[in-house]
Amino acid sequence: MSNKTQIYQLCPHNCYLMQSYLIKTPNNKLVMIDGGHNYYMKKAYLQHAIRAILGLKDGDYFEIDAWFFSHGHVDHYGEFTMIMKEYSENSNYKVKNFYFDFPDFEKSDFDKSDYNLEFLGTFKDSLNTYAKVNGIKVDGDYYDFLNGKVINKQAVKKGLTIEVDGVLFDVLQTWDECDEQVNANSLVIRVSESNKKTKTCLFLNDASVNSGNRLLNTYGNKLKSDIVQMAHHGQAGVDKNVYDAVGAKIRLWPTTFWLWSDHEIWRVDEVRSWLGIKENDYTDGDILACCYDAYPENPTSVEDWKTCVQKMKIEL
């Protein structure tokens with residue numbers, strides 16, 4: 001068993017535009033940040049990847065200590081809704097805590113093309129399914145009970161840290177009334193270990209230029225981290241000034257092959273230019289979800305994930 005905290009940038013295929021991170025502590029405690037999206041398959045795959053990481057067999061029991069959802073876009077929570085479609089008393093896994101802070105989209109000023117209430121409804125239904133299966137009784141929707149219960153502006157302002165097995169999850173930012181889009185609502189989370197002797201990893205999720213500037217105005221050079229997750233899949237996210245302040249030597253890119261290789265529609269070329277990266281000349285510090293050596297041939301097979309999931313790992 002590794003005595004280091006491990007971060008897995010999970011991806012079942014190099015053309016899936018999604019974000020899904022699993023953090024495994026030295027004592028095999030698990031924390032999820034987002035849950036990806038399931039575009040092409042009719043069955044969920046995430047539970048199979050997790051069992052492969054833990055060295056378990058299909059159907060073996062596991063627990064997720066904390067699950068963060070960064071913001072209200074389906075490519076960040078869609079796979080969770082898929083596993084909940086299959087969830088029952090026999091599924092043999094549990095989530096101890098859910099953390100998210102979403103605004104009221106129906107009352108917001110966001111352009112209606114920037115969010116999807118139907119998708120959000122499936123997320124709410126999924127949380128209700130989880131509560132029902134586990135005998136959790138609340139008045140109304142479990143989503144409303146959880147939303148902002150722990151993460152909110154007041155808690156973040158005071159300095160919100162959630163600790164799991166000596167691994168710290170510092171929530172640096174949540175949504176604000178001035179946010180111009182749903183991406184700007186993204187939680188920003190920094191992961192470190194309590195002994196402060198290991199690397200730090202900053203998850204920007206889908207933070208936008210505006211929310212990136214808000215982050216920079218609040219923390220300045222205190223944003224410095226060893227590892228950074230590239231905002232909005234590596235394009236059209238935070239501006240260069242944020243990456244300069246972070247100064248990370250290792251960069252996590254939750255991006256697809258078609259986005260990474262595009263030179264006309266998306267802004268990944270611009271972001272690469274800030275970092276001095278050419279499309280086919282990225283460094284060992286650039287961990288690309290679309291450029292792994294292998295992916296599971298069958299993402300719903302634990303054994304198939306075991307053949308490739310270690311290639312999706314970095315350590316603090």
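This short presentation covers a helix and its packing, the aromatic contacts, two buried loop residues and a surface patch. Please bear in mind that the model is predicted.

I begin with helix α6, which spans residues 209-219. Its buried residues are Ser-211, Gly-212, Arg-214, Leu-215, Leu-216 and Tyr-219. An α-helix has 3.6 residues a turn, so residues three or four places apart point the same way. What do the buried residues of α6 pack against? They meet two helices, α5 (153-158) and α7 (240-246), together with the strands β9 (167-173) and β10 (188-193). After α6 comes Gly-220, with a positive phi near 55°.

I turn now to the aromatic residues. Across the whole structure, a search finds 33 aromatic pairs. One of them joins Phe-80 and Phe-98 in an edge-to-face arrangement, with 5.6 Å between the centres and 70° between the planes. Phe-80 belongs to helix α2 (residues 74-85) and Phe-98 to strand β7 (residues 98-99), so this pair ties together parts 18 residues apart in sequence. Both Phe-80 and Phe-98 are buried.

Aromatic rings also receive charged side chains. The charged end of Lys-153 is placed over the ring of Trp-175, at 5.1 Å from the ring centre. Similarly, Arg-272 lies over the face of Trp-260, 4.4 Å from the centre of that ring.

Next, the two loop residues. Gln-235 lies in the loop between β12 (227-229) and α7. Is Gln-235 buried or exposed? Its relative accessible area is 5%, below the 20% cut-off, and therefore Gln-235 counts as buried. Beyond its neighbours within four places in sequence, Gln-235 is in contact with Leu-259, Trp-266, Arg-267, Val-268 and Val-271.

Pro-254 occupies the loop between β13 (250-253) and α8. With a relative accessibility of 3%, Pro-254 is likewise buried. Which residues does Pro-254 contact, setting aside its neighbours within four places in sequence? They are Gln-9, Met-18, Gln-19, Tyr-21, Gln-229, Met-230, His-233 and Ala-289. Pro-254 and Tyr-77 are separated by 177 residues in sequence, while their C-alpha atoms are 14 Å apart in space.

I close at the surface. Trp-258, Ile-265 and Trp-266 make up a nonpolar patch there, with a combined accessible area of about 330 Å². Trp-258 sits in helix α8 (residues 257-260), and its relative accessible area of 36% makes Trp-258 partly exposed. Trp-266, a member of this patch, is also among the contacts of the buried Gln-235.

Notes
Residues are numbered from 1 along each chain as its sequence is written. This is a predicted model: local features need pLDDT of at least 70, side-chain atom pairs count only at pLDDT 80 or more; totals for chains, interfaces and linings use all residues. Side-chain values use heavy atoms; hydrogens and water are left out. Patches are made of residues with over 30% relative accessible area and no salt bridge: like charges are joined within 9 Å, nonpolar side chains (Val, Leu, Ile, Met, Phe, Trp, Tyr) within 5 Å. Accessible areas come from the Shrake-Rupley method with a 1.4 Å probe; for residues, only the protein chains shown count as cover. A salt bridge is a side-chain nitrogen of Lys or Arg within 4 Å of a carboxyl oxygen of Asp or Glu. Helices (H or I, at least four residues) and strands (E, at least two) are DSSP runs, numbered from the N terminus. Buried means under 20% relative accessible area, exposed over 50%, partly exposed in between (1.4 Å probe, protein chains only). Contact means heavy atoms within 4.5 Å. Rings of Phe, Tyr and Trp (its six-membered ring) pair if their centres lie within 6.5 Å; planes under 30 degrees apart count as stacked, over 60 as edge-to-face and the rest as tilted. A charge sits over a ring if NZ of Lys or CZ of Arg is within 6 Å of the ring centre and within 35 degrees of the ring normal.
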